[in-house]
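Welcome, and thanks for taking a look at this one. Please open the sequence and the coordinates side by side, and let us walk through them together.

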Amino acid sequence: MNRKRSLVLTGMLSGMALAVGMGTLFHARRFRHHAHLRYHPRYREDVTLRDGTRVRLRLIRPEDKRLLAEGMGRLSAESRYHRFHVPKTSLSESELRYLTEVDGINHFALGAVNRRYPREGLGVARFVRIPGEPQVAEAAIAVLDRMQHHGLGRLLFQRLIEAARERGFERLRCEVLATNTPAIRLLTGLAPQTVVRRDGTTVQIEIPVQFPEEASAA
Ligand SMILES: CC(C)(COP(=O)(O)OP(=O)(O)OC[C@H]1O[C@@H](n2cnc3c(N)ncnc32)[C@H](O)[C@@H]1OP(=O)(O)O)[C@@H](O)C(=O)NCCC(=O)NCCS
């Protein structure tokens, strides 16, 4: 994997952050023309997980910087490594800007918060359009360790696929460490005709998003 080109693993290329920051202003206005989308800033969905935890799904917004920073602090070292592919303990100011000041179209981020404690973020899934491959977006996901295995990862990624589909993408591409069995199982079970390529220590999983609704795994 060429890490320099990865948009969701680091999301920290400063030029990129600047470009997306400027894009945010532009697209905030443009979003008015996307009022027909389900995954729009007004989207809210309340779901009860297998363990009874009630979560709210909503789009990530600029005010979520603290939520993301705290969530990063609550992730185990292993989960942080699986998400970012480098040992990483915290997010810088520019990383937080990049991860929260998104335009909702080319960079889309969906969060799950605890319904009882809405200032507690439980998981985030996002995708970023790949320059030069406009039909493809790079995707990533992280769920707090204590919330894993309750179906939240699958739920977030299913919604991510729907959001990518309604934005006209053809595929979501994920770079996953070859040792990350939970993520590989999750990502290869979501859609028909998912393509898996092994590349040294990483696995690239490409998920088609324009499949009929009924073909989506439950
Ligand atoms: C990968 C990750 C998002 C899965 O989230 P989750 O909420 O635990 O996933 P779910 O509970 O929805 O499980 C979905 C499927 O994933 C697989 N899975 C989840 N945990 C697993 C585990 N420990 N071992 C094997 N498979 C596992 C199973 O196929 C599961 O389906 P099932 O519930 O029908 O058995 C989570 O482990 C995580 O955040 N990891 C750290 C960050 C990361 O690895 N991101 C991916 C790369 S960007």
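Among contacts in the chain between residues at least 6 apart in sequence, what percentage join residues at least 24 apart? The share is 62%. Please keep in mind that this is a predicted model.

**The chain as a whole**

The chain holds six helices and eight strands. From start to end, these elements follow one another as α-β-β-α-α-α-β-β-β-α-β-α-β-β. Of the 218 residues in the chain, 52% are buried. The accessible surface adds up to about 10,800 Å², and carbon and sulfur atoms account for 53% of it.

**The sheet**

Eight strands make up an open sheet with mixed pairing, in the order 1-2-3-4-5-6-8-7. Strand 1 (44–48) and strand 7 (195–199) each have a single partner strand, so they stand at the edges and one side of each has no neighbour in the sheet. On average, neighbouring strands of this sheet are turned by 20 degrees against each other, direction ignored. As general background, strands of a sheet pair through backbone hydrogen bonds, either parallel or antiparallel.

Let us follow the sheet inward from strand 1. Strand 1 and strand 2 run antiparallel and are joined by five bridges. R44 has R58 in strand 2 as its bridge partner. The two strands form a hairpin with five residues between them, and G52 in the turn has a positive phi of about 95 degrees. On strand 1, E45 and V47 belong to the covered face, while R44, D46 and T48 belong to the uncovered one. That fits a general pattern: in a regular strand the side chains alternate between the two faces of the sheet.

Strand 2 (residues 54–59) also pairs with strand 3 (residues 107–114), in the antiparallel sense and over five bridges. Here L59 is matched with L110 in strand 3.

Further along, F127 lies in strand 4 (residues 121–130). F127 counts as buried because its relative accessibility is 0%. Its C-alpha is 8.9 Å from that of I141, a residue 14 places away in sequence.

R173 sits in strand 6. Is R173 buried or exposed? R173 counts as buried, because its relative accessibility is 13%, under the 20% limit for that class. The side chain of R173 makes a polar contact of 2.9 Å with the side chain of E133. Leaving aside residues up to four places away in sequence, R173 touches I130, E133, V136, A137, E138, A139, Q204, I205 and E206.

**Helix 3 and the residue after it**

In helix 3 (residues 77–84), the buried residues include S79, R80, H82, R83 and F84. Their cover includes helix 2 (65–74), strand 4, strand 5 (133–143) and strand 6 (171–177). Just after helix 3 comes H85, with a positive phi of about 65 degrees. H85 belongs to the loop between helix 3 and helix 4 (93–100). With a relative accessibility of 2%, H85 counts as buried.

H149 also has a positive phi, near 70 degrees, and is a residue other than glycine. H149 is in the loop between strand 5 and helix 5 (152–166). Its relative accessible area is 67%, so H149 is exposed. These two backbones deserve a second look, because most residues other than glycine have a negative phi.

**The ligand site**

Which residues come nearest to the ligand? Of the 19 residues around it, these are V143, H149, G153, R154 and N180. A few polar distances are set out below.

| Residue | Protein atom | Ligand atom | Distance |
|---|---|---|---|
| V143 | backbone N or O | oxygen | 2.7 Å |
| H149 | polar backbone atom | oxygen | 2.8 Å |
| R185 | side-chain N or O | nitrogen | 3.5 Å |

Taken alone, the ligand exposes 920 Å², and the protein buries 81% of that area. H149 thus appears twice in this account: its backbone lies 2.8 Å from a ligand oxygen, and its phi is positive.

Terms used
Residues are numbered from 1 along each chain as its sequence is written. This is a predicted model: local features need pLDDT of at least 70, side-chain atom pairs count only at pLDDT 80 or more; totals for chains, interfaces and linings use all residues. Side-chain values use heavy atoms; hydrogens and water are left out. Helices (H or I, at least four residues) and strands (E, at least two) are DSSP runs, numbered from the N terminus. Buried means under 20% relative accessible area, exposed over 50%, partly exposed in between (1.4 Å probe, protein chains only). Two strands pair if DSSP finds at least two bridges between them. Axes are lines fitted to C-alpha atoms, for helices over the stretch in contact, and angles run from 0 to 180 degrees between N-to-C directions. A residue is near a molecule or strand if one of its heavy atoms lies within 4 Å of it. A polar contact is a pair of N or O atoms within 3.5 Å; within protein, one must be able to donate a hydrogen and the other to accept it, and residues adjacent in sequence count only if both atoms are side-chain atoms. Accessible areas come from the Shrake-Rupley method with a 1.4 Å probe; for residues, only the protein chains shown count as cover. Contact means heavy atoms within 4.5 Å.
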